[in-house]
Structures are given as C-alpha cells and as structure tokens.
Amino acid sequence: MSTNASVYPLRLEGELDPALSRGLWLLKWLLAVPHFIVLLFLWIGLAISTVFAFFAILVVGRYPRGIFDFNVGVLRWSWRVGFYSYSALGTDRYPPFSLKDDPSYPARLEVDYPASLSRGLVLVKWWLLVIPHLLVIAFFGGGWPLISDTGYGPWGAGLIELLVVVAGVVLLFAGRYPRSVFDFVMGMNRWLYRVGAYTLLMTDQYPPFRLDTGGNEPPASGSPEALSPTPAPAA
C-alpha cells in the first residue's frame with residue numbers, strides 16, 4: 001500500500017500477479033467458500049456494530065475506535081477475498097484469515113480514522129445522500145455496495161463480475177490477464193468501496209463521481225506525485 005496522500009480517506013490498491021494460473025480461477029468459487037462463510041458472520045457483526053456507531057456519532061460526534069477498526073478489518077478481509085476471487089482475479093495467493101493489514105498481500109485497504117464526524121449528517125448520508133451512488137454501483141456490483149461483491153449476496157452479477165469472467169476466459173486461452181480490463185475493474189471496485197465506507201458512516205467526505213482506474217490510488221492534488229517534474233533547462 002502506498003503511503004502517498006490519496007484523493008479519498010479510503011485507499012484501495014491491488015497488484016496484478018504476472019504469473020496467474022490459466023485455470024485456477026475456475027475453482028476459486030469453491031476454494032473461497034470458507035472465506036464466504038466467515039464473511040457472512042463478519043458482515044452481520046459489522047451491521048450491528050455500525051448501529052452502535054450511529055448512536056455514538058449522534059451523541060458525541062465520534063466513531064468509537066474499536067468499532068471503526070473492526071469495520072475496516074471486515075472491509076479489508078472482503079477486499080482480499082474479492083481480489084483473489086471474482087471481483088478481480090488479480091492473484092492466486094490465498095487470502096489470510098485476518099482482519100489485520102498484511103503488507104505482503106497484493107490487495108490492501110486502509111481507511112483514515114476521522115477525528116470527528118457531523119452529528120446531523122449521520123442521519124441522512126447513509127440512505128438519502130448516497131442514493132445517486134447506489135444507482136451507479138448497483139450497475140457495477142449487481143446489488144448493495146460490497147455485499148454482492150464478496151460472493152454471497154443474492155443480487156446477481158454486475159459489470160465487475162462480467163469483465164472478470166471475460167478476463168478469465170482470455171487468461172485460460174491466451175495465458176495473460178488484459179491489463180486494461182484489470183485497471184477498469186480496479187476503478188469500479190475502488191468506487192464501490194468508497195461508497196461502502198461512506199454508507200457505513202466512516203467518513204463525512206462525499207465519494208467522488210469519478211472512476212480512478214489502475215492498481216494504485218491516484219495521488220491527491222498538490223502532492224509531489226501529482227506534480228509533473230520541471231524540465232531541465234536546455235544547454
């Protein structure tokens with residue numbers, strides 16, 4: 001995970017494995033079943049903990065740190081499983097069973113902890129303000145943010161899953177993952193998880209209506225990575 005300033009408090013990145021197996025992706029739905037079962041219970045816990053966080057923000061204007069770290073861990077676990085399976089097919093390395101960050105794993109997710117949150121905004125942002133984004137990501141993921149994308153939602157496949165299957169077919173016959181497809185899929189996943197973090201009350205910063213493609217987060221405006229180097233003067 002790069003430490004550069006990001007355009008959004010949630011940072012989602014993934015490194016495409018250059019030596020993917022041609023046919024393993026056909027079995028990943030079975031190999032990931034243990035993760036899907038665990039994630040089902042984790043997401044139930046996340047839903048309950050978010051209710052507690054809602055009232056805490058409403059009363060004191062802060063997100064309880066323990067609940068925040070747990071919820072970030074669930075998102076992180078979901079992203080690793082999605083990156084391994086049918087949200088990206090970006091790696092053949094089996095995801096760890098852990099809520100903690102694993103710097104060695106090719107898919108990583110972090111969310112900046114907010115010092116304070118709006119008490120009034122918490123009443124409307126998770127259902128009213130997010131509606132325009134839900135219409136977009138329902139097309140991307142085939143359902144409510146993140147739930148269908150982790151593999152156990154009943155909402156069906158979206159554009160992400162469709163493109164991932166196309167990439168899997170190309171990988172099966174040509175032995176390579178189309179980089180343009182990977183970059184586009186990463187952009188859709190990044191959009192989906194940003195909206196997920198906003199819906200889960202983890203930030204007051206409204207998600208941008210922008211498809212930031214590629215494996216790495218785009219640098220924030222004004223950061224050294226976003227500034228073009230000054231050309232050297234001619235001799």
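Asp 112 is partly exposed, with a relative accessible area of 37%, where partly exposed denotes the range between buried (under 20% relative accessible area) and exposed (over 50%), calculated with a 1.4 Å probe and the protein chains only. The model is a predicted one, in which local features need pLDDT of at least 70 and side-chain atom pairs count only at pLDDT 80 or more, whereas totals for chains, interfaces and linings use all residues. Residues are numbered from 1 along each chain as its sequence is written, and side-chain values use heavy atoms, with hydrogens and water left out.

The side chain of Asp 112 meets that of Arg 11 in a salt bridge of 2.7 Å, N to O; a salt bridge is defined as a side-chain nitrogen of Lys or Arg within 4 Å of a carboxyl oxygen of Asp or Glu. Arg 11 lies in strand 1 and Asp 112 in the loop between strand 2 and helix 4 (125-129), so the pair ties together parts that are 101 residues apart in sequence. Unlike its partly exposed partner, Arg 11 counts as buried, at 16% relative accessibility.

The secondary structure comprises seven helices and two strands, arranged along the sequence in the pattern β-α-α-α-β-α-α-α-α. Helices (H or I, at least four residues) and strands (E, at least two) are DSSP runs, numbered from the N terminus. Strand 1 (residues 10-14) contains Arg 11. Five of the five residues of strand 1 are buried, so this strand is largely enclosed by the rest of the structure. Leu 10, Leu 12 and Gly 14 point one way from the strand, while Arg 11 and Glu 13 point the other way.

Strand 1 pairs with strand 2 (residues 107-111) in the antiparallel sense over five bridges; pairing requires that DSSP find at least two bridges between two strands. Among the bridge partners, Leu 10 is matched with Val 111 and Glu 13 with Arg 108. Strand 2 is also largely enclosed by the rest of the structure, because four of its five residues are buried.

Helix 5 (residues 131-141) has the buried residues His 133, Ile 137, Phe 140 and Gly 141. These residues cover an arc of only 70° around the axis, which puts them on the same side of helix 5; the arc is that of the directions from the helix axis to the C-beta atoms. The face turned away from this buried side carries the exposed residues Leu 135 and Phe 139. The buried residues of helix 5 pack against helix 6 (159-174) and helix 7 (179-199).

Further ion pairs involve helix 7 and the segment after it. The structure holds twelve salt bridges, one of which joins the side chains of Arg 190 and Glu 217 at 3.2 Å, N to O. Arg 190 lies in helix 7 and Glu 217 in the segment after helix 7, so the pair ties together parts that are 27 residues apart in sequence. Both Arg 190 and Glu 217 are buried. Another salt bridge, of 2.9 Å, N to O, is formed by the side chains of Arg 210 and Asp 212. Arg 210 is partly exposed, with a relative accessible area of 37%, whereas Asp 212 counts as buried at 10% relative accessibility. Salt bridges that share partners join Arg 190, Arg 194, Arg 210, Asp 212 and Glu 217 into one network.

Of the 235 residues of the protein, 48% count as buried.

Definitions and conventions. Contact = heavy atoms within 4.5 Å.
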